[in-house]
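Hi,

Here is the structure I said I would pass on. Have a look, and my notes are underneath.

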Amino acid sequence: MLETVVPAGVKNRAGTREVLMLRIDAEAYAALNGVELPAKQAAVMKVLAAAATPLPLELVARQAGCGTAPITALRQESG
């Protein structure tokens, strides 16, 4: 019975989007000490290390002054 009263947009999750949230814990960031990263990847790590809570991908990119490619590369390297 409920199927008939639920709007189609709700059933199909219309307007729903997933947001990738990123963070790095202090130990992982400390382990990078001495590791040379490309400048944009280093900026991304600095932004994440300074954040108190996970941040959306787009905000990390904006605060780091880069696109999403350096973030994607870091995520791929981390396995």
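Below is what I found on the largest pocket and on how the helices around α4 pack.

One thing to keep in mind: this is a predicted model.

Pocket first. The largest pocket comes out at a volume of about 290 Å³. Two elements give two or more residues to its lining, α4 (39-50) and α6 (69-77). Of the elements, α6 gives the most, with 4 residues. If you want to pull up the whole lining, select L22, R23, I24, L37, V44, M45, L48, I71, L74, R75, E77 and S78. By class, that lining has 8 nonpolar, 1 polar and 3 charged residues.

Now for the packing of α4 and α6. Their axes are 9 Å apart, at an angle of about 80°. Angles from 65 to 115 degrees count as roughly perpendicular, so α4 and α6 fall into that class. On the α4 side the contact uses K40, Q41, V44 and M45, which meet P70, I71, A73, L74 and E77 in α6. Those contact residues divide into 6 nonpolar, 1 polar and 2 charged.

α4 also packs on helix α5 (residues 57-64): the two axes come within 9 Å and cross at roughly 115°. The crossing of α4 past α5 is right-handed. Here A43, V44, V47 and L48 in α4 meet V60, Q63 and A64 in α5. This contact has 6 nonpolar residues, 1 polar and no charged ones.

V44 is worth a click while you have the model open: V44 lines the largest pocket, meets α6 and meets α5.

Cheers

Methods
Residues are numbered from 1 along each chain as its sequence is written. This is a predicted model: local features need pLDDT of at least 70, side-chain atom pairs count only at pLDDT 80 or more; totals for chains, interfaces and linings use all residues. Side-chain values use heavy atoms; hydrogens and water are left out. On a 1 Å grid over the protein atoms alone, a cavity is a set of points where a 1.4 Å probe fits but cannot get out, and a pocket is an open set with protein on both sides within 12 Å along at least five of seven lines; lining residues have an atom within 4 Å of a point. Grid points are joined across faces, edges and corners, and a volume is the space filled by probe spheres set on the points. Ala, Val, Leu, Ile, Met, Phe, Trp, Tyr, Cys and Pro count as nonpolar, Asp, Glu, Lys and Arg as charged, and the others, Gly among them, as polar. Axes are lines fitted to C-alpha atoms, for helices over the stretch in contact, and angles run from 0 to 180 degrees between N-to-C directions. A crossing is left-handed if the near helix is turned anticlockwise from the far one by less than a right angle, and right-handed if clockwise. Contact means heavy atoms within 4.5 Å. Angles under 35 degrees count as roughly parallel, over 145 as roughly antiparallel, 65 to 115 as roughly perpendicular and the rest as oblique.
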